[in-house]
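Me: Please take a close look at one part of this protein, the largest pocket, and tell me what lines it. After that, put it beside a few other parts of the chain.

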Amino acid sequence: MLDIYSVINRSSRSTTGKDQFPGDVGIFVEDDDLSSALTSSFKVLITSLQTMERSPQPRRLCHSTTSCCSACQTLTDLDDELHIAQAAVRKAQAAVQSLLNKRDAIRINLNRSHPSIIDRLPVEIASHIFVLFVADSSRKGDPLILGAICQSWRRIAWATPGIWTSLTLKLDPGCNWKKQNQLAHEWLGRSGHLPLSITWHERPMTLDERALRYPLIDVINRLADRWRVMDLNLPSELLCRFNQSTKSSPPHLKSLVIHASDKARFTFPNFSRLKPQVVVIDNYLQNTAHLNWSLVTKVSATLSGVNDVLSIFEIGKRLQNCTFELFGQAQPLPAARDTPIMHTLISSLDLQLRNEDPMQLFFNSVTLPSLEHLRFRGRGTPFSVSHFTAFLTRSAAFLKSLALESVALTNGGFISVTRLLPSLETLKIYIRNDVQHEDKFRDLYFALGSEALLPSLQEFHWGGGSNFPWSVIPRYLVPLSPHDHTSRRPLKLIRVSCIFRTNMAQFPVIDRGVLGQLSQFRDRVDFQFQVKMHGSYLDLWEMSQNLVG
């Protein structure tokens, strides 16, 4: 038997030693007839191999150049039909695309021939409508939506700076930052020279991710003279990169909100040339001098202690609404001021004390004649009744709401304080939820039922881990004077929230007689009695009816 591989190898060289593939094949065997037959056969084989090399799927497997089996012929015919069909598809696709292009061109001409209401308006009016659309918070209008309607709207939108003045970046993990960065650059570029509102919120991120944000921060810093609203909730390292790169203070700045999403303490940027009207700083502000307080009317900030509050009161002459969280370590009390700070505009004050600083220094150092709403939140923080009384007497303010949460009364009860508050409409008392702190307001609860205290009271809120004296509540609703049955407190809401603990002597059940007395007033007073058990609040009125009924 002739070995075809050896024949191919031997026939791959001519007598001169040169390659014969591809081309004529020389077979060197002794029989001339056999050599001629083999040469012809191998030409067909080589041609087939070359065809297979050009096409992964050979058209036929038969060796014959003149005829082939029915299977190969069928495959060849199908290939030919497929090529014809593919050519027809390509031609049809080209025809469809041509028709689509013509239709788009006709639509453009159609819009010009039959313009919409917006297209018939002067460009200035259309631009103003676009500005109103974007500014409508209920719609959450997006300028990019306007640009996607048609070419005419896109030209108007892209040429209207007023719709690009508010940039919001609230990005989810895994977002395409490069795309967002490019979009933000283009967005700010279309805003012209108008004041900017920038909201940028992002979660903590890696160092490489933070580095990608640097170019956009640099762009925003260069536009500092146009800041109107800056709301930043970013990792602390990114917050430190913001600065007022302009020499003049931004004339339009209204609100500055700073929050470190990684909860880390950081060196607050020096924004001393900024003059915001509203300041919200959720993280510890170590140096109040890093902000200009001359125009601030509303502030919410975390500070070191009472001394920082007093410093802000001295320089913030326009303050009206103040919320402070005192986070630092307790500080020794300095000598009392000869003259308390008189601030005539502050109407609302909320102080949260996370340290043990007593409030004596604060009460002795300020006078707030316009104060209407006062809230103290502590952690068993000492609360001097005598100093608070002196503060109220000196301020002579018409206080409308007072909230005391987890404070420890000293120097007597609270009844004397209520005599100074005839204008009080809302009283909220929350007792610290632990057995070590007794409720030192109990005398007040009974006095409210027997004396004409707080004649303007409309809402009474109480919460704590002890059992409230339910029997006194009906007395809050009776006339304040036995000679004038119309002189009742205008109470609209009484809310009592108990926290049931396993070590409590008894479950806080309301007596049936008390429920009966209160039922007479349910048409004009909203009674909200509830108990917290296992993390959920339950309706104590309904539970008491079921238990005592």
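Reply: What follows starts with the pocket and then moves to a salt bridge, a set of paired strands and an annotated region. The model is a predicted one.

The largest pocket holds about 480 Å³ of space. It is lined by 21 residues, and those closest to its centre are Val134, Gly141, Pro143, Ser166 and Trp187. Which elements supply at least two residues each of this lining? They include helix H5, residues 123-135, strand E1, residues 166-170, and helix H8, residues 177-189. In terms of domains, at least three lining residues come from domain 1 (107-163), and at least three come from domain 2 (166-329 + 340-489). By residue type, the lining consists of 10 nonpolar, 7 polar and 4 charged residues. The general idea behind such a search is that rolling a probe the size of a water molecule over the atoms shows where empty space is left.

Next come the salt bridges. Side chains of opposite charge can pair when their charged atoms come close. The count for this model is 8 salt bridges. One of them joins Glu202 and Arg213, with the closest N and O atoms 2.6 Å apart. Glu202 sits in the loop between strand E2 (196-201) and helix H9 (207-222), while Arg213 belongs to helix H9, so the pair ties together parts that are 11 residues apart in sequence.

The paired strands are further along the chain. Strand E15, residues 493-499, runs parallel to strand E16, residues 526-533, and 7 bridges join the two. Within this pairing, Cys498 has Val531 of E16 as its bridge partner. E16 also pairs with strand E17, residues 536-539, this time in the antiparallel sense and over 4 bridges. Across that pairing, Met533 is opposite Ser536 of E17, and Gln530 is opposite Asp539 of E17. The hairpin of E16 and E17 has 2 residues between the strands, and His534 there takes a positive phi near 55°.

The last part comes from a record. UniProt, in an unreviewed entry, places a coiled-coil region at residues 75-102. In the model, this span is 100% helix and 0% strand, and its end C-alpha atoms lie 40 Å apart.

Terms used:
Residues numbered from 1 in each chain as written. Predicted model: local features only at pLDDT ≥ 70, side-chain atom pairs only at ≥ 80, totals over all residues. Heavy atoms only, no water. UniProt positions renumbered as here; feature names shortened; annotations may be inferred. 1 Å grid on protein atoms, 1.4 Å probe; cavity = no way out; pocket = protein on both sides within 12 Å on 5 of 7 lines; lining within 4 Å. Points joined across faces, edges and corners; volume = space filled by probe spheres on them. Nonpolar A, V, L, I, M, F, W, Y, C, P; charged D, E, K, R; others polar. Domains from an automatic or database assignment. Pairing = 2+ DSSP bridges. Salt bridge = Lys/Arg side-chain N within 4 Å of Asp/Glu carboxyl O.
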